[in-house]
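Colleague: I would like a close look at a single part of this model, the sheet, and I would be glad if you could take me through it strand by strand, together with whatever packs against it.

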Amino acid sequence: MEIIEFDAGDADLIDQSYAILTAAHRADTPENPAAPERYFRTLFTHVIPGRERHWFAAVDEGRALAYARVNFFTDDNPELAMYELPVHPDHRGTGAEALLRDHVERYCAEHGRTTLLTATAVHWEGGPARDETTARTLEARGYSRALVTVNRRSPVDPLGADEERRRHEQALAKAGDAYEVRQWIGPVPEDLVDTMCRMETMIMAEVPLGEIEAEPERMDPEKLRGKEAVYAAEGRTWLHSVAVERATGEVRAWTEIAIDDGDDRNVLQGITIVDPAHRGHRLGLLLKLANLRQLRAHAPGIAHIWTDNADVNAPMIAINELLGYTTVDANAEYQLKLEA
């Protein structure tokens with residue numbers, strides 16, 4: 001068995017890697033949405049600005065048994081690496097995982113990365129069983145559980161028309177006249193680029209990260225437009241709703257939903273964030289309800305919205321439970337500290 005580094009030019013290993021991912025999903029998390037093929041293949045050709053990506057496979061006699069996708073941060077968090085390492089269910093226990101994980105850890109250390117993050121599915125109360133062998137393996141290698149995010153699923157019309165209208169009116173009344181709700185699909189309107197960069201930069205400072213050691217990623221207009229170009233290549237369309245403060249023209253709250261080409265039943269709830277100075281006005285709920293309406297109008301065939309929240313993010317969990325989200329499983333984020 002050997003470890004091979006590969007890239008966009010290695011069509012056979014890309015095909016085998018997607019087969020590994022598909023088989024692992026089917027075995028480990030069949031209730032959850034699978035990664036669309038277009039999205040996966042675009043990972044080899046397009047990278048979000050401020051990141052670089054490296055691919056490795058554990059190969060035996062020409063057959064890939066596992067692969068690893070390693071992401072480095074190049075602008076902020078230069079000491080941080082994030083990776084995923086799916087192993088084909090038929091080849092677990094063969095040594096492929098250990099060999100590949102050894103290689104990834106060594107590669108990261110050689111490139112100055114001293115904090116490694118990786119995640120694995122775990123059981124959560126009320127959800128289906130999950131094989132937690134990978135979690136135990138990581139802990140045995142010295143990784144510590146740094147954050148748990150709980151995966152939840154909701155129908156696109158969780159409240160019914162009358163209750164949704166009532167909740168929307170209540171949220172509007174609480175917000176008052178200080179804010180204007182604006183919505184769009186796809187790239188950020190030019191007049192909101194600067195303020196949306198501020199909101200993007202705020203994310204890692206405000207979202208609970210548990211014990212994960214990471215600093216905010218700074219966003220600027222060039223990086224934002226580059227990120228949007230990657231989404232377009234992936235076939236990922238974002239639906240946005242924001243609350244703009246009338247007095248300043250600044251976005252003070254934001255929520256988004258992603259539709260992936262290749263999945264016509266499931267969508268992903270992205271970030272929902274409210275500027276700390278503007279909390280207490282029900283802006284989060286107001287925007288989530290507005291974005292549900294936009295989603296149903298734009299893609300009426302969608303059945304479910306999926307989201308995840310840190311298990312300690314009580315305010316957002318409360319809103320999601322109000323909107324009909326039910327628990328499926330969880331992801332445990334594991335962190336390893338390496339010597340500099």
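**The sheet and its surroundings**

Modeller: I will begin where two strands meet inside the sheet: β5 and strand β12 (residues 326-337) are joined by eight bridges and run antiparallel. Within that pairing, A121 has N331 of β12 as its bridge partner. Please keep in mind throughout that this is a predicted model.

The pair belongs to an open sheet of 12 strands with mixed pairing, whose order is β1-β2-β3-β4-β5-β12-β6-β11-β10-β9-β8-β7. At the edges lie β1 (2-6) and β7 (179-185), each of which pairs on one side only. From one strand to the next, the twist averages 25°.

Strand β5 (residues 115-122) deserves attention for its surroundings as well as for its partners. Seven of its eight residues are buried, so β5 is largely enclosed by the rest of the structure; the cut-off behind that word is a relative accessible area under 20%. Its other neighbour is strand β4 (residues 80-84), to which β5 is joined by three bridges, with the two strands running parallel. There, L80 has T115 of β5 as its bridge partner. To get from β4 to β5 the chain passes through helix α3 (residues 96-110), and this β-α-β crossover is right-handed.

On its other side, β4 meets β3, and here the two strands run antiparallel, joined by four bridges. One of the pairs is F72 with A81, the latter lying in β4. The helix of the crossover also belongs in this picture, since α3 packs on the sheet and touches β1, β2, β3, β4, β5 and β12, its direction making about 25° with that of β3.

Just before β3 there is a local feature that you may want to inspect in the display. E61 is found in the loop between β2 (51-60) and β3 (63-73), and its phi is near 55°, a positive value in a residue other than glycine. As background, most residues other than glycine have a negative phi. E61 is exposed, with a relative accessible area of 79%, which places it over the 50% that the term requires.

Moving along the sheet order past β12, we come to β6 and β11, which pair in the antiparallel sense over seven bridges. In this pairing, R152 finds its bridge partner in T307 of β11. Strand β11 is itself largely enclosed by the rest of the structure, because five of its seven residues are buried. With β10, strand β11 runs parallel, and three bridges join the two; among the paired residues are L268 and W306, the latter in β11.

The connection between these two parallel strands can be described as well, for β10, α8 and β11 make a right-handed β-α-β unit. In the loop between β10 (266-274) and α8 (283-298) sits R282, whose phi is near 60°, again a positive value in a residue other than glycine. R282 is partly exposed, with a relative accessible area of 40%.

The last element to consider here is helix α9 (residues 314-322), whose buried residues are M316, I317, I319 and N320. Seen down the axis of α9, these residues fall within an arc of 160°, so they line one face of the helix. What covers them includes β6 (144-155), β10, α8 and β11 (304-310), and the elements of the right-handed unit β10, α8 and β11 are therefore among those that cover the buried residues of α9. After α9 comes G324, whose phi is positive, near 85°.

To bring the parts together, β5 is joined to β4 in the parallel sense and to β12 in the antiparallel sense, while β11 is parallel to β10 and antiparallel to β6.

Notes:
Residues are numbered from 1 along each chain as its sequence is written. This is a predicted model: local features need pLDDT of at least 70, side-chain atom pairs count only at pLDDT 80 or more; totals for chains, interfaces and linings use all residues. Side-chain values use heavy atoms; hydrogens and water are left out. Buried means under 20% relative accessible area, exposed over 50%, partly exposed in between (1.4 Å probe, protein chains only). Two strands pair if DSSP finds at least two bridges between them. A crossover is right-handed if, with the strands pointing away from the viewer, the path from the first strand over the helix to the second runs clockwise. The arc is that of the directions from the helix axis to the C-beta atoms. Contact means heavy atoms within 4.5 Å. Axes are lines fitted to C-alpha atoms, for helices over the stretch in contact, and angles run from 0 to 180 degrees between N-to-C directions.
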